[in-house]
Amino acid sequence: MKPNRVAVTGVGETPFLRKGDQTVMQMLTRASLAAIADAGLTPADIDGYVANKYVGHGSDEIAHAIGGGEKRFCAAVDSAGGTATCGQAIELAQLAIEAGLARHVLVSYAIWSNKPGGVYAVHAREPQKAGIEMPAGFFGQPAYFAAMANRYAHEFGMTEEEQASVPMTYRAWAEITPSAQRREPMDLEAYRKSPMIATPLRAADCCLTTDGGCAYVVSAIEAARDMPHPVVAVQGVGLGYNNYPQGVLFTQKPSTFEFPGRESAARAYAMAGCDPKDLDLAQIYDGFTISALVQTEMLGLCEEGEGPRFYAAGHARPGGRMPINTSGGHMSGGYVPGINLLIEGVRQLRGQEGPRQVPNARLCAVAGLGGNSHSTTILARS
Amino acid sequence: MGVPVYPVHLEDPLLQGFYDGLAAGELRITADAETGEWVWYPPEVVSGRPDAVLEWRPVSPEGQAYSFTTIVRSLLPGDHRDEVPFTCILFEPDSAPGVRVPGILVDADGVEPACGMRLRFRPVRAGDHWIAGFAPID
């Protein structure tokens, strides 16, 4: 794939709510229509769709729901989390557009976190987790990532203050983001009052529970130049995978916090022809403090093992030298896996973010984690 | 410290060998019957070897903690508030480096859990079944 052949031309979302009253299909539809309108298009202009196996609705349902026109391309991503929404989907959209199969591709995702069974039901369906881990009480994403955090701290060192600086950084951005779910200020004292879930992770170290939908439109670069907003091109996209199934992912990898992020970043930077020092800001999939720290390192924004010191020094905060998660991320802004981070990156590059706008933002990395997969996408204002 | 009590769901009957071992006071994991290579957790298909046969073999009762976390709010389905806190351990047996067996820390009053701490296997009763417990070695 070549850099700057496609652009993200439209973005949209529903409100992010702790408990919403819309179905996944309703949220998908509303977010999609908002993104299409933002692109200055009508549903009839959408000729490509990238669906997501975790959403449970295919492109036929989405196309019907938005009142779309003739569908010429459709695909579904099968990675989890942010890899799918802000890496794999972009890659498929670009492939389709470069091949001439589509001109405007719609990517959408919605999450109903309050569904029966809860957000961890997917883990309970894994035979090995149900058979071996759950009887030992080792269950749920916070437990898995807490064990990673303790191992990381053992290998690299991490004080409580350094750990707290990650959610405090994202909260500082959320305070100036009107749509963020959690906007109340959080200092160290407030952080320490956050309930402990699984040591060392407090509730403040975990992503939010959100009901919400997001969507974006990927268009051919030539078309983007005639559309309403400044062109935000896909300058690079890289994916990294390992082959550890979900059942063993959190316990049996040689290093449990080694995500394939270095691989995805290297591929994205190579395609984009840039390196970390060229970035103006980043959006990083912050399911948990520990996973955000590790990905910050994997993107090359600081040295391996220095993530805690990087955040504690304030580099990622408003006014810092490398703003990260400028709408509050998943921990304070809202959790629609990966895709709301990509939307924030697009709007920052358009210069639309008011009080939280990063001055002269021209290059943004978006990191998506999917457990056994990882994506890095480099967006550029042309 | 508490003990998690959650029923064992064995959708894969192969996993019964783990609990047979616990009931017999042994920590057993699966190995390729032909090569002896540890294969853990036992998968539906052994990577690259669909004809491989797995068997349960005992591992050393002593080993170390790869990592741990103390569960303060249990996320297991149902109400488990009376069972917390407990400390989950990912135990690496000395005889199977790199393999991790989940269990809980036991006999550890006043001991701070730590990565690398030396541990010895000691099964623990949890309702109607056994789970893997690991006690610090002085």
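This report walks through the contact between chains A and B, two helix packings in chain A, and a salt bridge.

The model is predicted, so to be clear on scope: local features need pLDDT of at least 70, side-chain atom pairs count only at pLDDT 80 or more, and totals for chains, interfaces and linings use all residues. Residues are numbered from 1 along each chain as its sequence is written, chains are lettered from A and ligands numbered from 1 in the order written, and side-chain values use heavy atoms, with hydrogens and water left out.

**Where A meets B**

Let's start with the two chains. On the chain A side, 35 residues are in contact with 39 residues of chain B (contact means heavy atoms within 4.5 Å). Together the chains bury about 3000 Å², and 63% of that is on carbon and sulfur atoms; buried area here is the accessible area (1.4 Å probe) that two parts lose on being put together, summed over both. A:I132, A:P135 and A:Q252 supply 22% of the area that chain A buries against chain B, more than any other three residues.

There are 0 salt bridges between chain A and chain B, a salt bridge being a side-chain nitrogen of Lys or Arg within 4 Å of a carboxyl oxygen of Asp or Glu. As for the side of chain A that touches chain B, α6(A) gives the most, with 7 residues. Helices (H or I, at least four residues) and strands (E, at least two) are DSSP runs, numbered from the N terminus.

**Two packings with α12(A)**

Helix α12 (residues 289-298) of chain A packs with α7 (residues 160-174) of chain A, and α6(A) packs with α12(A) too. Axes are lines fitted to C-alpha atoms, for helices over the stretch in contact, and angles run from 0 to 180 degrees between N-to-C directions.

| Helix pair | Angle | Axis separation |
|---|---|---|
| α7(A) and α12(A) | about 90° | 9 Å |
| α6(A) and α12(A) | about 55° | 9 Å |

The angle makes α7(A) roughly perpendicular to α12(A), whereas α6(A) and α12(A) are oblique to each other. Angles under 35 degrees count as roughly parallel, over 145 as roughly antiparallel, 65 to 115 as roughly perpendicular and the rest as oblique.

On α12(A), A:T289, A:A292 and A:L293 meet α7(A), while A:I290, A:S291, A:V294 and A:E297 meet α6(A). The partners are A:Q163, A:V166, A:P167 and A:Y170 on α7(A), and A:F145, A:M148, A:A149 and A:Y152 on α6(A).

**A salt bridge in chain A**

The whole structure has 27 salt bridges over all chains. In one, A:E13 pairs with A:R347, with the closest N and O atoms 2.8 Å apart. That pair links strand β1 (residues 6-13) to helix α15 (residues 339-350), 334 residues apart.
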